[in-house]
Amino acid sequence: MVVKKRKQQIKKEKVAGRTKKKGNKICSAGIAWAKRTFDKYPSAYANMAASKYCKDPNYGKKKK
């Protein structure tokens, strides 16, 4: 009985683990910046630039 209950708990945990969302790794400011900067936002290049912008907000600014 104990083994059977434990197997049922493991199955429930696995199902619950698959339904969790991972969350967005790109900050909202980076997404907004990418939409303003690039013509086509949902692209690999724009997402890469947005993630760099989140790490360093001076990434997209021109040097004077």
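**Exercises: aromatic rings in a three-helix chain**

Four aromatic pairs are counted in this structure, which is a predicted model.

**Exercise 1.** Classify the pair formed by tryptophan 33 and tyrosine 53, and say which helices hold the two residues.

*Solution.* Start with the distance: the ring centres lie 4.9 Å apart, and pairing asks for centres within 6.5 Å. Next, take the angle: the planes differ by 5°, and under 30 degrees counts as stacked. The pair of tryptophan 33 and tyrosine 53 is therefore stacked. Now locate the partners: tryptophan 33 sits in helix α2 (residues 28–37) and tyrosine 53 in helix α3 (residues 44–55). They are 20 residues apart, so this pair links distant parts of the chain.

**Exercise 2.** Decide whether tryptophan 33, tyrosine 53 and tyrosine 45 are buried or exposed.

*Solution.* Recall that buried means under 20% relative accessible area and exposed means over 50%. Tryptophan 33 has 10%, so it is buried. Tyrosine 53, at 17%, is buried as well. Tyrosine 45 has 54% and is therefore exposed.

**Exercise 3.** Classify the pair of phenylalanine 38 and tyrosine 45, then name the cluster to which these rings belong.

*Solution.* The centres of the two rings are 5.5 Å apart. Their planes meet at 90°, so the pair is edge-to-face. Finally, Phe38 and Tyr45 join Trp33, Tyr53 and Tyr59 in one aromatic cluster.

**Exercise 4.** Describe the fold pattern and how much of the chain is buried.

*Solution.* Count the elements: three helices and zero strands. Along the sequence they read α-α-α. Of the 64 residues, 17% count as buried.

Key. Residues numbered from 1 in each chain as written. Predicted model: local features only at pLDDT ≥ 70, side-chain atom pairs only at ≥ 80, totals over all residues. Heavy atoms only, no water. Phe/Tyr/Trp six-rings, centres within 6.5 Å; stacked < 30°, edge-to-face > 60°. Helix = DSSP H or I, 4+ residues; strand = E, 2+ residues; numbered from the N terminus. Buried < 20%, exposed > 50% of the residue type's maximum accessible area, 1.4 Å probe, protein only.
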